[in-house]
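Student: Before we interpret anything in this entry, could we go through how its internal spaces and its strand pairings earn their names?

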Amino acid sequence: MKKLTVVLLIALLALSAVFAQGGSETASKSKATKIGFVVINDESDQGYTWNFVNGMEAAVKQLRAEGYSIDLLYKKNTTESAICKDNNIELAEEGCEIIFNNSYGFEPYMLEAAKEYPNTKFVGMTNCGSQVDGNPNTYNAFAAIYEARYVAGIAAGMKLQQEINEGKIKASEAVMGYVGAFSFAEVISGMSGFYLGAKSVCPSVTMKVYFVGTWGDATLEEAAANALIDAGCKLISQHSDTTSPALAAQKAGIFHVGYNTDMTKVAPNASLLSSRIDWTRYFYTFIKNHIDGKENKSDWTGTYAEGDVKVTDLNTAIAAPGTQEAMDKAIKAFHDGTLKVFDLSTFTIEGKKGTNETMYDSFAAVQGNATYDGFFHESELQSAPYFVGKIDGIEWLNAAY
């Protein structure tokens, strides 16, 4: 009898341990985890911040569907100033365990807050300093958007080549205009990828770039687009946050390629498609790892092959015949690793093959050799872009930092 009692006691203890483990896991999921998000604009920009918020909301929805309890707190319309630090601190004080920041200029202020709140994780999106600042609670994340811009460039080049083939413009008139926010690596890398994609299908194409010195100012972006149109550009693209360039292109009766969101909705007769980063997978993985007690990479790069960069649906009503097939071919090559955007055989810098010295950003947080095996290895040494080569065929009309 005593032996049976002991056996039963052991069994009950084992069963209790199983329930305790299950209860612990349930508790970790049911306990609300507060997530903070500091953003530069709000969803009404229909571009940059809209895209980030869309990715975050999708990730949180997925986590909640899996049983995770998430409280999401925003600080919207944050300026790249001391206000950014204040907003990060306020979110940390409210108990946020992770705070994401979505603008390049936020990072210095975010890092100041991170030193004061070592138990909170701070993530700088599109930044590069957090991985080398020595703080274990800071992170960087970006994606290889230059790959998606290359694919979008193919759509632009196909359209211009169609215009040439149909006698609507001369080969020398295949000029693209590009509204850039700032003249540093993130913008230069993307616009160069866009140009090289266009050039791969329209050999005579050239491009003019006008920098506006701000991420999202509808008035300045419209003025820049109009200046490019006045300079003879037949197609406008952008690395800026609003839909103004798309509207300017439509008004002028020329074509357009957008960024962050499908701009065919506002300019159906002009906009071919847009390139964008899909942040959903990163937000989902980072938050889930944190809750599950797993480590996250200090520096993360998303790629086309992993579904983190993409283009919106092609506007087939105005796109050149064969555009989708040409884009699909490039996308497949990104997936199997055979297409390199910065293939040294496809461009020159001042008439010469590019070198690490003429292409690598001297201000990059991580320094190293990215030029070997016949191409420039963008976003491999750090997630944030560091290509700053001035490719022949691209004319800078100004330089605004």
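Tutor: A cavity is a set of grid points where a 1.4 Å probe fits but cannot get out, and a residue counts as lining it if it has an atom within 4 Å of a point. Bear in mind that this is a predicted model.

Student: What makes Y48, N51 and F52 lining residues of the second largest cavity?

Tutor: Each has an atom within 4 Å of a point of the cavity, and so they belong to the lining, together with T126, Y259, N260, I277 and W279. Helix 2 (residues 48-65) gives the most to this lining, with three residues, and the space itself comes to about 40 Å³.

Student: How do you know how many of the residues in that lining are nonpolar, polar or charged?

Tutor: Tyr, Phe, Ile and Trp count as nonpolar, whereas residues outside the nonpolar and charged lists count as polar; the lining therefore divides into five nonpolar, three polar and no charged residues. The lining of the largest cavity, of about 50 Å³, has three nonpolar, two polar and two charged residues, and E186 and D241 are among its lining residues.

Student: Why are strand 6 and strand 8 called paired?

Tutor: Pairing requires at least two bridges, and strand 6 (residues 175-180) and strand 8 (residues 235-239) have five, in the parallel sense, so they qualify. Within this pair, G177 stands opposite I236 in strand 8.

Student: What makes strand 12 and strand 15 edge strands?

Tutor: In the open sheet the order is 12-10-9-8-6-7-15; strand 12 (309-311) and strand 15 (394-396) each have a single partner strand, so one side of each is left without a neighbour in the sheet.

Terms used
Residues numbered from 1 in each chain as written. Predicted model: local features only at pLDDT ≥ 70, side-chain atom pairs only at ≥ 80, totals over all residues. Heavy atoms only, no water. Helix = DSSP H or I, 4+ residues; strand = E, 2+ residues; numbered from the N terminus. 1 Å grid on protein atoms, 1.4 Å probe; cavity = no way out; pocket = protein on both sides within 12 Å on 5 of 7 lines; lining within 4 Å. Points joined across faces, edges and corners; volume = space filled by probe spheres on them.
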